[in-house]
Amino acid sequence: MKNSLNSSINIGRWLVIGVLFISTLLLFVIPNAEATIGIMGAIIVSVFAFWHGSERYGLKNMIILFLITWVISNFFESLSILTGFPFGNYHYEMGGPKIVHVPLIIMPACFAMGYVSYTLAHVLTGLFSQKLKSVQLFIVPIIGAFIMVMWDLVMDPPAATVNKQWIWEDGGNYFGVPISNYFGWFLVVYLFMQTFAIFLAKYDTNSKQTYDKSFWLEAAVIYGIQGLSFIIPAVVNDSHVEIYSSSALICVFTMMFVALLSSINIMSHKDRQL
C-alpha cells in the first residue's frame, strides 16, 4: 500500500514537472511573454517545492523554510531598496501587492529556487537524505548558494534590462546589472540556507528514510527546465540579441551543467534508494 501511494505521489509530481515544461515551451509561441511565463513558472515550482519538500522534511518544516526564506530575503531586499546594500540601488516596476516595496510574487520564486538549489547541493555532495553534521552543515548551504546564484546570473539581465520588472538605478557592468547584486544574493541565500540547515540539524525527523532515484531526479529536471526558459528567448527573439544570447550561453555552462551533473550523480549511484 505504501509503495503504491509513493508511486502515485511521484507520478503526480512528474505531471507538475510536465506542466512546467509545457509552459516553458510556450516561449516558442509567445516570444515576448517571458515575464508572464516566468511568474507562472515561479508558482508551479513553488507547488513542486512544497510537495517534494514535504515528503522529505515534512510540511511543518517546509512552512518554516518558507518563513525563513521570506523574512531574510524580504528584509535584505527592502534594505537594499532603501539604502543600496547589499544588492545595489533598485526598485520594482512589477504590479501587484508589495510588502515593504517588494512584490509578493518574488517570494514564491525565491523560496522555490532556494529549495531546489538546496536539494541539488545534497545531490552533488552525495549526501542525499542524510542529516547534515559537522562540516557538512556549512558545505551544503555554500554549494546551494552557488547553485541559486547561477539562476540569478542568467535571470537578472533579461528581467531587469529587457523586461523592466525592476530597475537598477545606477546601472551596472553586467548588462545593466551591478556586480554587487550577485555577491549580495550569495550572502542572502547562504544566510537562509544556513539557518534552515542549523534548524534541521535538530528537527529533521525524516533523515533516516531513503528515496528512490526518481525522487532526486525531479529536482534536477526542474532546475534544468528553469534553465531552458533562459535559452529559448535567445532562439526566438530578434531584439536584445546580445543579452539573450549571453544569458543563454552562461546558462548552458552553469545551470544546465548543474542539472546534467546532478542527474548523472543520481543515475550512476549503485543504490536504488538514496
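## A walk through the helices and cores

Let's start at Ser-117, which sits in helix α4, spanning residues 106-124. Helices here are DSSP runs of H or I with at least four residues, strands are runs of E with at least two, and both are numbered from the N terminus. Keep in mind that this is a predicted model, in which local features need pLDDT of at least 70 and side-chain atom pairs count only at pLDDT 80 or more, while totals for chains, interfaces and linings use all residues. Residues are numbered from 1 along each chain as its sequence is written, and side-chain values use heavy atoms, with hydrogens and water left out.

Is Ser-117 buried or exposed? Its relative accessibility is 0%, so Ser-117 counts as buried. The cut-offs are under 20% relative accessible area for buried, over 50% for exposed, and partly exposed in between, with a 1.4 Å probe and protein chains only. If you skip neighbours within four places in sequence, Ser-117 is in contact with Gly-144, Ile-147, Met-148, Met-193 and Tyr-223. Contact here means heavy atoms within 4.5 Å.

Now step back to the whole chain. You'll find nine helices and four strands, and along the sequence they run α-α-α-β-β-β-α-α-β-α-α-α-α. The chain has a radius of gyration of 18 Å, which agrees with the value near 19 Å for a compact globule of 274 residues. That radius is taken over C-alpha atoms, and the globule rule is 2.2 Å times the number of residues to the power 0.38. Along the principal axes, the C-alpha atoms fill a box of roughly 55 × 40 × 30 Å. Of the 274 residues, 51% count as buried. Take the contacts between residues at least 6 apart in sequence, and 77% of them join residues at least 24 apart.

What about the outside? The accessible surface comes to about 12400 Å², and 70% of that belongs to carbon and sulfur atoms; the areas come from the Shrake-Rupley method with a 1.4 Å probe, and for residues only the protein chains shown count as cover. As for charge, there are 13 positive and 14 negative side chains, with the centres of the two sets 20 Å apart. Lys and Arg count as positive, Asp and Glu as negative, and His and the chain ends are not counted. Each charge is placed at NZ of Lys, CZ of Arg, CG of Asp or CD of Glu.

Back inside, the largest nonpolar core has 70 residues, and Tyr-118, Trp-166, Phe-192 and Tyr-223 have the most contacts inside it. Helix α4 gives the most to this core, with twelve residues. Apart from it lies another core of eight residues, among them Val-123, Phe-128, Phe-215 and Leu-217. A nonpolar core is a set of buried Ala, Val, Leu, Ile, Met, Phe, Trp, Tyr and Cys residues joined through side-chain atoms within 4.5 Å.

Two of the residues named for the largest core deserve a look. Not counting residues up to four places away in sequence, Tyr-223 touches a list that includes Ser-117, Ile-147, Trp-151 and Met-255. Trp-166 is in strand β4, residues 166-168, and is buried, with a relative accessible area of 8%. Beyond four places in sequence, the contacts of Trp-166 include Tyr-90, Tyr-92, Ile-106 and Met-155.

Two more buried residues show how distant parts of the sequence meet. Leu-137 belongs to helix α5, residues 136-162, and counts as buried at 14% relative accessibility. Its C-alpha atom is 7.0 Å from that of Ile-198, which is 61 residues away along the chain. Ser-262 lies in helix α9, residues 255-267, and is buried at 0% relative accessibility. Outside its neighbours up to four places away, Ser-262 touches Leu-120, Val-123, Leu-124 and Ala-220.

Finally, some backbone oddities. Most residues other than glycine have a negative phi, and most peptide bonds are trans. Phe-85 and Pro-86 are joined by a cis peptide bond, with omega about 10°, and Pro-86 is in the loop between α3 (59-83) and β1 (90-92). His-101 has a positive phi of about 75° without being a glycine; it is in the loop between β2 (98-99) and β3 (102-103) and is partly exposed at 43%. Lys-164, in the loop between α5 and β4, also has a positive phi, near 55°, and counts as partly exposed at 46% relative accessibility.
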